Structures are given as C-alpha cells and as structure tokens.
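Visitor: I would like to see how the labels on this model are earned. Could we go through them one by one?

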Amino acid sequence: MRKFVCLICGYIYEGYEVPEICPICKAGADKFEEVFENKEDGIYKRFKVEKKVKENDVVTSFYLKSIEKVQLKKHKAGQFIAVKLNIDGVDEVRQYSLSMKPGEDFYRISVKREEKGLVSRYLHDNVFEGDVLEISEPLGQFILKDSNRPLILMSGGIGITPVMSMLYEASNSGREIIFVQAVLNSSAHTFKSEIKKIVKENNNVQTEVFYSEPLDKDKIGVDYDHLGFVSNEWIEKSLPKDGEFYFCGPLGFMKHIYICLTNIVTDKSSINYEVFGPSADLSEK
Ligand SMILES: Cc1cc2nc3c(=O)[nH]c(=O)nc-3n(C[C@H](O)[C@H](O)[C@H](O)COP(=O)(O)OP(=O)(O)OC[C@H]3O[C@@H](n4cnc5c(N)ncnc54)[C@H](O)[C@@H]3O)c2cc1C
C-alpha cells in the first residue's frame with residue numbers, strides 16, 4: 001500500500017495508485033505527492049505548544065516546537081501545515097497556514113475562533129502551553145514566484161496568515177511591496193504591531209489598512225487608513241497594474257478581489273490566491 005498526500009489540503013490517501021480527485025478539497029491527481037516513510041517516521045510529527053498568544057478577540061497564535069528536536073523543515077512562505085487532533089475519540093484534521101518568517105526554529109499557526117467550529121474552538125479553549133499537537137510538514141503551492149515586479153499582498157480577516165509569512169520573506173528583498181489588510185476593526189486587527197515593525201525596518205513596504213466597522217476608539221490615519229471595503233475604484237486607482245498579486249480571505253472577499261484584479265491586469269498569471277476551505281476556482285461563475 002502506498003500513501004499520497006494532497007498538497008492542497010493535507011488529506012492522506014492510502015492506495016495503490018494516486019487518487020483521481022481529493023475527497024476533501026476536490027483537487028486533482030496532479031496535486032498529490034507520494035509520501036515515503038519508514039516505520040518510525042510517520043506523516044504526523046509530535047510538536048509541543050511552546051507558547052500560546054492571544055493576538056486579539058478572535059485570533060490566537062500557537063508557537064510549535066518539535067519534541068524530537070529534529071531540524072525543522074524550512075517552509076516556503078504561504079504554505080500550511082495539517083493539524084491532527086483527537087476530539088472525543090475522533091481524529092479531526094484541519095489546515096493552518098504558517099504565519100511566521102520562514103527559517104525560524106518553531107512553527108507558528110494563528111487560528112481564528114469560529115463560534116460553531118469544532119477544531120478552532122477546541123484549539124482556543126482546550127489546547128494550552130505544554131500540550132502536544134500532531135502536525136504534518138509544510139504543504140501547499142500558494143507560494144511566491146520568483147519575480148522583481150511590485151508585490152501586492154492582500155488579505156481579508158484571517159486570510160492574513162499566509163501573506164504575513166510572505167511579507168516576512170519578501171520584505172528585505174528591496175522589492176516594492178503593498179500590503180493591503182481588510183478587517184472589521186481594531187478588535188480583529190491581527191499582527192498590527194508586527195507589521196508596523198516590518199514597515200519601520202524596510203522602506204520598500206507600504207501598508208493600506210481597511211476597517212469596515214471601526215469602533216468608537218479607532219482613529220483613521222492612526223489605526224487604519226480607509227473606511228469600508230477594498231473597492232474596485234480604490235484598486236484601479238492605487239495598485240500597480242504590472243504587479244504580482246497574492247490574496248487570501250473569506251470567499252466573498254476573494255471573489256470580489258479576483259473580479260477587481262481581472263479588470264486591471266492583463267497578465268492573469270499574476271493573480272494568485274488561496275482559499276481556506278474546499279479549493280475553489282474564482283474564475284468560475
Ligand atoms: C490551506 C488552508 C489554510 C488555512 N489556514 C488557516 C489559518 O491560518 N487560520 C485559520 O484560522 N484557519 C485556517 N484555515 C481554515 C481551517 O482549516 C478550518 O477550516 C477552520 O479553523 C474551521 O475549522 P473548525 O473545525 O473550527 O470548523 P468546522 O467545524 O469544520 O466548521 C466549518 C465552518 O462551519 C461553521 N459551522 C460549523 N457548524 C455549524 C453549525 N451547526 N451552524 C452554523 N455554522 C456552523 C463553523 O463556524 C465554521 O465556519 C485554513 C484552511 C485551508 C484549507
């Protein structure tokens with residue numbers, strides 16, 4: 001029996017031939033990679049939660065360190081890990097993008113608490129520093145292409161996680177970077193101070209923050225730059241048409257951004273995105 005891992009969602013298939021389609025995310029056979037393992041070396045490795053940090057009202061980060069003290073596989077910015085948890089006797093697997101700079105000696109995932117979600121709530125409420133999680137190695141193909149063109153990283157809500165890692169990766173390249181972050185308000189403004197620090201240290205990075213529902217205490221020009229959503233007009237006026245675009249967020253946000261970008265770019269291959277759920281082709285109506 002052979003094992004194949006879906007590079008899109010982390011699903012592990014056991015069989016004699018690569019499956020035609022992933023039953024979880026519907027990715028095709030070309031997105032599967034064979035996993036070679038010896039008996040002691042499983043697909044999931046045990047990692048200790050070294051640090052648990054509440055980023056804001058909705059997002060908590062988990063810093064994970066290898067228990068076996070093995071050299072961590074350096075991830076490519078934008079990749080995710082699959083996390084396997086046993087909840088009430090049932091194995092559950094979910095994917096979480098790595099949100100830290102590539103090459104650290106830990107992995108960091110940042111999880112949004114879904115009020116009715118099984119695993120995200122479990123991670124927030126029942127997983128603590130010192131606990132052990134089983135995780136896969138970094139997976140996924142939402143990664144930066146080699147290019148010197150202006151880089152535009154856009155996120156809605158928790159979609160910040162893969163582009164945060166991309167920001168770390170690209171910030172000291174000298175390349176022009178526009179980092180567009182759309183959130184509800186300061187209660188969900190993830191990585192605000194981390195991003196400020198990167199901007200301070202790298203004069204090639206510009207940020208554009210959108211709050212759709214600012215709180216009374218949120219100040220435009222201080223906490224955020226734009227009121228409302230990332231509009232078509234703003235995109236047309238503000239983003240370079242010759243840029244490389246990477247974006248992630250809720251499906252509605254992504255469909256909107258995709259349509260806006262197709263209006264301004266001529267080279268469709270410059271549009272790159274990741275969906276946090278069953279894989280979806282945004283060009284499909
Ligand atoms: C490649 C990839 C990367 C990802 N990266 C991240 C990341 O960095 N951070 C992150 O937070 N998430 C990320 N996700 C999403 C993550 O994998 C989970 O899907 C997410 O945490 C929800 O899982 P859950 O078990 O909490 O929700 P589930 O139990 O799977 O529920 C899914 C959704 O349905 C809703 N729901 C469930 N039950 C009900 C009900 N009875 N009534 C109404 N609604 C209901 C939940 O609120 C939730 O929104 C990523 C996903 C992918 C595919």
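Guide: Start at the ligand: one of its oxygen atoms is 2.8 Å from a polar backbone atom of Lys112. The model is predicted, so local features need pLDDT of at least 70 and side-chain atom pairs pLDDT 80 or more, while totals for chains, interfaces and linings use all residues. Numbering runs from 1 along each chain as its sequence is written, and side-chain values use heavy atoms, without hydrogens and water.

Visitor: What makes the approach of Lys112 to the ligand a polar contact?

Guide: A polar contact is a pair of N or O atoms within 3.5 Å; within protein, one must be able to donate a hydrogen and the other to accept it, and residues adjacent in sequence count only if both atoms are side-chain atoms. The Lys112 distance is 2.8 Å, so the pair qualifies. A polar backbone atom of Leu118 is 2.9 Å from a ligand oxygen. For Glu114, a polar side-chain atom lies 3.3 Å from a ligand oxygen.

Visitor: Which residues come nearest to the ligand?

Guide: Gln95, Tyr96, Val119, Ser120 and Thr161, out of 21 residues around the ligand. A residue is near if one of its heavy atoms lies within 4 Å.

Visitor: Why is the pair Arg108 and Glu194 called a salt bridge?

Guide: The term needs a side-chain nitrogen of Lys or Arg within 4 Å of a carboxyl oxygen of Asp or Glu. Arg108 and Glu194 meet at 2.8 Å, N to O, so the label holds. Across the interface of domain 2 and domain 3, the rule finds one salt bridge.

Visitor: How do you know where domain 2 and domain 3 lie?

Guide: The bounds come from an automatic or database domain assignment. Domain 2 is 44–141 and domain 3 is 151–275. Their centres, taken over C-alpha atoms, are 24 Å apart. The contact (heavy atoms within 4.5 Å) takes 20 residues from domain 2 and 15 from domain 3.
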